Amino acid sequence: MPLQEIDRGQARRRLGGDNRPAQTVQIGAGQPGLAAVFTIHGMNGSPANLQPIAEMAQQEGKEVHALVYDDQFRRLTDTSSELARHLG
């Protein structure tokens with residue numbers, strides 16, 4: 001699976017609008033048995049900002065996921081709770 005890049009517009013469309021719950025998205029496949037990597041961009045950013053880290057992790061054979069979240073209309077406490085639920 002080639003590494004998927006998610007820019008700010010794609011992230012907003014994936015969420016389906018403003019103030020929607022965060023999602024984790026697999027953006028790169030990895031080798032069985034290796035750790036997965038989760039990238040979480042900063043405020044006013046997008047998963048694409050962390051593409052170099054995602055590429056490095058995938059080159060190491062790790063599965064790569066990105067947190068897609070609304071950093072303008074949603075509280076960070078809500079987003080962190082949603083991430084915790086996704087991670088189990």
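## Exercises: cavity, core and fold

The largest cavity has a volume of about 110 Å³. Keep in mind that you're working with a predicted model.

**Exercise 1.** Find out which residues line the largest cavity, and sort them into nonpolar, polar and charged.

*Solution.* Start with how many cavities there are: the structure holds one of 30 Å³ or more. Next, walk around its wall. The lining is made of Arg 8, Ala 11, Arg 12, Leu 15, Gly 17, Asp 18, His 41, Gly 45, Tyr 69, Asp 70, Asp 71 and Gln 72. Now sort them, counting Gly as polar: you get three nonpolar, four polar and five charged residues.

**Exercise 2.** Work out which elements give two or more residues to the largest nonpolar core.

*Solution.* First, list the core's 11 residues: Ile 6, Ala 11, Leu 15, Val 25, Ile 27, Val 37, Ala 54, Ala 57, Val 64, Ala 66 and Val 68. Then match them to elements: α1 (8-15), β1 (23-28), α2 (51-59) and β3 (63-68) each give two or more. β3 supplies the largest share, three residues. Finally, zoom in on Ala 54: skipping neighbours within four places in sequence, Ala 54 is in contact with Leu 3, Ile 27 and Val 64.

**Exercise 3.** Explain why the chain counts as being as compact as a globular protein of its length.

*Solution.* Begin with the elements: three helices and three strands, running α-β-β-α-β-α from the N terminus. The radius of gyration is 13 Å, close to the 12 Å that the globule rule gives for 88 residues, so the chain is as compact as a globular protein of that length. To round things off, 35% of the 88 residues count as buried.

Notes:
Residues numbered from 1 in each chain as written. Predicted model: local features only at pLDDT ≥ 70, side-chain atom pairs only at ≥ 80, totals over all residues. Heavy atoms only, no water. Core = buried A, V, L, I, M, F, W, Y, C linked by side-chain atoms within 4.5 Å. Buried < 20%, exposed > 50% of the residue type's maximum accessible area, 1.4 Å probe, protein only. Helix = DSSP H or I, 4+ residues; strand = E, 2+ residues; numbered from the N terminus. Contact = heavy atoms within 4.5 Å. 1 Å grid on protein atoms, 1.4 Å probe; cavity = no way out; pocket = protein on both sides within 12 Å on 5 of 7 lines; lining within 4 Å. Points joined across faces, edges and corners; volume = space filled by probe spheres on them. Rg over C-alpha atoms; globule rule 2.2 N^0.38 Å.
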